[in-house]
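This report describes a single protein model, beginning with its sheet and moving on to packing and individual residues. The sequence and structure come first.

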Amino acid sequence: MAVRIRLKRMGKIHAPVYRVVVVDSRKKRDGRVIEEVGLYDPTPNPSTIEIKSDRVQYWLGVGAQPSDQVRNLLVLTGDIARFNGKADAVSRVQYADADKAAAAAQAIKDAEAAAEKRKADASAKKAEEDAARKAEEEAAQAAAAEEAAEEPKAEEAGEEA
């Protein structure tokens, strides 16, 4: 069975969206697929390219042949270079400013959440240390009270003898 990685057309008449799929080469363009490994939307500027790199690497490794358009997409994402053994393969996919802004906002939220967690951990640790210190002081006071209570008994025993 000859396996190909190619595009499957989705979307409306003048608004195409493609799925990057692994399929038997004898199947129809939009026929039954083995696995969906990505998404390609050419309409926005820049185009949206989302590819599951690990799955594409697997399918290339077992002999699947990419179509010409998918090969171009894989060159952009750096997957072809990675498959050919280049360790420093870099993705050249461009992202829209809105995506960058959303990613920056998410990074800020993550950093704030991490700071809150560290602050909560620090306050919990401080409260735990304060409780331990208070328990030690109470134990010391109780020991001192016991010693004080035992001293008069020892003095009374000494007077009777």
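## Sheet

In this predicted model, 5 strands make up an open sheet with mixed pairing, in the order β4-β3-β2-β1-β5. The edges are formed by β4 and by β5 (65–66), each of which pairs on one side only.

Both helices are placed against the sheet. Helix α1 packs on it and touches β1, β2, β3, β4 and β5, with a direction at about 120° to that of β3. Helix α2 lies across β1, β2, β3, β4 and β5 and runs at about 85° to β4.

## The β3–β4 hairpin

Strand β3 (residues 35–41) pairs with β4 in the antiparallel sense, through 4 bridges. The two strands form a hairpin, and 6 residues separate them. Pro46 sits in the loop between β3 and β4. The peptide bond that leads from Asn45 to Pro46 is cis, its omega being near 0°.

Two of the bridge partners can be named. Leu39 has Glu50 of β4 as its partner, and Gly38 has Ile51 of β4. These two β4 residues belong to opposite groups: in β4 (residues 48–51), Ile49 and Ile51 make up the covered face, whereas Thr48 and Glu50 make up the uncovered one.

## Nonpolar core

In soluble globular proteins, nonpolar side chains tend to be buried together. Here the largest nonpolar core has 18 residues, and those touching the most other members are Ile5, Val20, Ile51, Trp59, Leu73 and Leu74. Two or more residues of this core come from each of β1 (3–11), β2 (16–24), β3, β4, α1 (53–61) and α2 (68–77).

Ile51 joins the description of the edge strand to that of the core. It lies on the covered face of β4 and is one of the core residues that touch the most other members. Leaving aside neighbours within four places in sequence, Ile51 is in contact with Val20, Val37, Gly38, Val56, Leu73, Leu74, Thr77 and Asp79. Gly38 in this list is also the bridge partner of Ile51.

## Aromatic pairs

The structure has 2 aromatic pairs. In one of them, Tyr18 and Tyr40 are stacked, with 6.1 Å from centre to centre and 20° between the planes. Tyr18 belongs to strand β2 and Tyr40 to strand β3, so this pair ties together parts that are 22 residues apart in sequence. Tyr40 counts as buried because its relative accessibility is 13%, under the 20% limit.

Tyr58 and Trp59 form an edge-to-face pair, at 5.2 Å centre to centre with 75° between the planes. The relative accessible area of Tyr58 is 41%, so this residue is partly exposed. Trp59 is buried, with a relative accessible area of 13%. Trp59 is also among the residues with the most contacts to other members of the largest nonpolar core.

## Asp24

Is Asp24, a residue of strand β2, buried or exposed? Its relative accessible area is 8%, so Asp24 is buried, the limit being under 20%.

The Asp24 side chain makes a polar contact of 3.0 Å with the side chain of Arg26. Not counting residues up to four places away in sequence, Asp24 touches Met1, Ala2, Arg6 and Ile34.

Methods: Residues numbered from 1 in each chain as written. Predicted model: local features only at pLDDT ≥ 70, side-chain atom pairs only at ≥ 80, totals over all residues. Heavy atoms only, no water. Buried < 20%, exposed > 50% of the residue type's maximum accessible area, 1.4 Å probe, protein only. Pairing = 2+ DSSP bridges. Core = buried A, V, L, I, M, F, W, Y, C linked by side-chain atoms within 4.5 Å. Contact = heavy atoms within 4.5 Å. Axes fitted to C-alpha atoms, helices over the stretch in contact; angles between N-to-C directions. Polar contact = N/O pair within 3.5 Å; in protein donor to acceptor, adjacent residues only side chain to side chain. Phe/Tyr/Trp six-rings, centres within 6.5 Å; stacked < 30°, edge-to-face > 60°.
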